[in-house]
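Colleague: I am new to this structure and would like to go through it slowly, asking at each step what the wording rests on. Could you show it to me before we begin?

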Amino acid sequence: MPNVQINIAIPSRWKMELENLARVYSVEEETTLTYLDLIRRAVQEKYELSADE
């Protein structure tokens, strides 16, 4: 299934914190992650969605 783009508004403080967390996870996982990657992961884990949905 193709991806779709959505727009959401989050507090700027959340974005800053997520960007910092993404930097930490990027170093730990030896890959580049963005704050959007963290949001996708959180939604996927919270609602137990498969990656191919």
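Colleague: Why are Glu 19 and Lys 15 said to be separated by about one helical turn?

Modeller: In this predicted model, Glu 19 and Lys 15 both belong to helix α1, which runs over residues 12–29, and because they are four residues apart in that helix, the separation comes to about one helical turn.

Colleague: What makes the contact of Glu 19 and Lys 15 a salt bridge?

Modeller: The term requires a side-chain nitrogen of Lys or Arg within 4 Å of a carboxyl oxygen of Asp or Glu. The side chains of Glu 19 and Lys 15 meet at 2.8 Å, N to O, so the pair satisfies that limit of 4 Å.

Colleague: Are these two residues buried, exposed or partly exposed, and how do you know?

Modeller: Buried means under 20% relative accessible area and exposed means over 50%, with partly exposed in between. Glu 19 has 25% relative accessibility and therefore counts as partly exposed, and Lys 15, with a relative accessible area of 30%, is partly exposed as well.

Colleague: Which residue forms a salt bridge with Glu 29, and how do you know that the term applies?

Modeller: The partner of Glu 29 is Arg 41, and the closest N and O atoms of the two are 2.8 Å apart, which is within the 4 Å that the term allows. This pair links distant parts of the chain, since Glu 29 lies in helix α1 and Arg 41 in helix α2, twelve residues apart. Glu 29 counts as partly exposed because its relative accessibility is 35%, and Arg 41 is partly exposed because its relative accessible area is 30%.

Colleague: What can be said of Asp 37 and Arg 40?

Modeller: Asp 37 and Arg 40 also form a salt bridge, with their closest N and O atoms 2.7 Å apart. Both residues lie in helix α2, where they are three residues apart, about one turn of the helix. In total, the structure holds four salt bridges, among them the pair of Asp 37 and Arg 40.

Colleague: How does the span of helix α2 compare with what is expected?

Modeller: Helix α2 covers residues 35–46, twelve in number, and from its first C-alpha to its last it reaches 16 Å, which is close to the 16 Å expected at 1.5 Å a residue.

Colleague: What is remarked on in the phi of Glu 30 and Glu 48?

Modeller: Most residues other than glycine have a negative phi. Glu 30 is not a glycine, yet its phi is positive, about 55°, and Glu 48, also not a glycine, has a positive phi of about 50°. Glu 30 is placed in the loop between α1 and α2, while Glu 48 is found in the segment after α2.

Colleague: Why are Glu 30 and Glu 48 called exposed?

Modeller: The word applies over 50% relative accessible area, so Glu 30 counts as exposed at 75%, and Glu 48 is exposed at 71%. Ala 51, which is also found in the segment after α2, counts as exposed because its relative accessibility is 72%.

Colleague: How far is Ala 51 from Asn 3?

Modeller: Although Ala 51 and Asn 3 are 48 residues apart along the chain, their C-alpha atoms are separated by 11 Å.

Colleague: What is the volume of the largest pocket, and which residues are closest to its centre?

Modeller: The largest pocket has a volume of about 910 Å³. It is lined by 20 residues, of which Asn 3, Val 4, Ile 6, Leu 36 and Arg 40 are the closest to its centre. By kind, the lining divides into 13 nonpolar, four polar and three charged residues.

Colleague: Why does Leu 36 count as partly exposed?

Modeller: Leu 36, which lies in helix α2, has 40% relative accessibility and therefore counts as partly exposed, since that term covers the range between 20% and 50%.

Colleague: What share of the protein chain is buried?

Modeller: Buried residues make up 9% of the 53 residues in the protein chain. The chain has two helices and zero strands, and its C-alpha trace spans about 30 × 30 × 20 Å along its principal axes.

Terms used:
Residues are numbered from 1 along each chain as its sequence is written. This is a predicted model: local features need pLDDT of at least 70, side-chain atom pairs count only at pLDDT 80 or more; totals for chains, interfaces and linings use all residues. Side-chain values use heavy atoms; hydrogens and water are left out. The expected span of a helix is 1.5 Å times one less than its number of residues. On a 1 Å grid over the protein atoms alone, a cavity is a set of points where a 1.4 Å probe fits but cannot get out, and a pocket is an open set with protein on both sides within 12 Å along at least five of seven lines; lining residues have an atom within 4 Å of a point. Grid points are joined across faces, edges and corners, and a volume is the space filled by probe spheres set on the points. Ala, Val, Leu, Ile, Met, Phe, Trp, Tyr, Cys and Pro count as nonpolar, Asp, Glu, Lys and Arg as charged, and the others, Gly among them, as polar. Buried means under 20% relative accessible area, exposed over 50%, partly exposed in between (1.4 Å probe, protein chains only).
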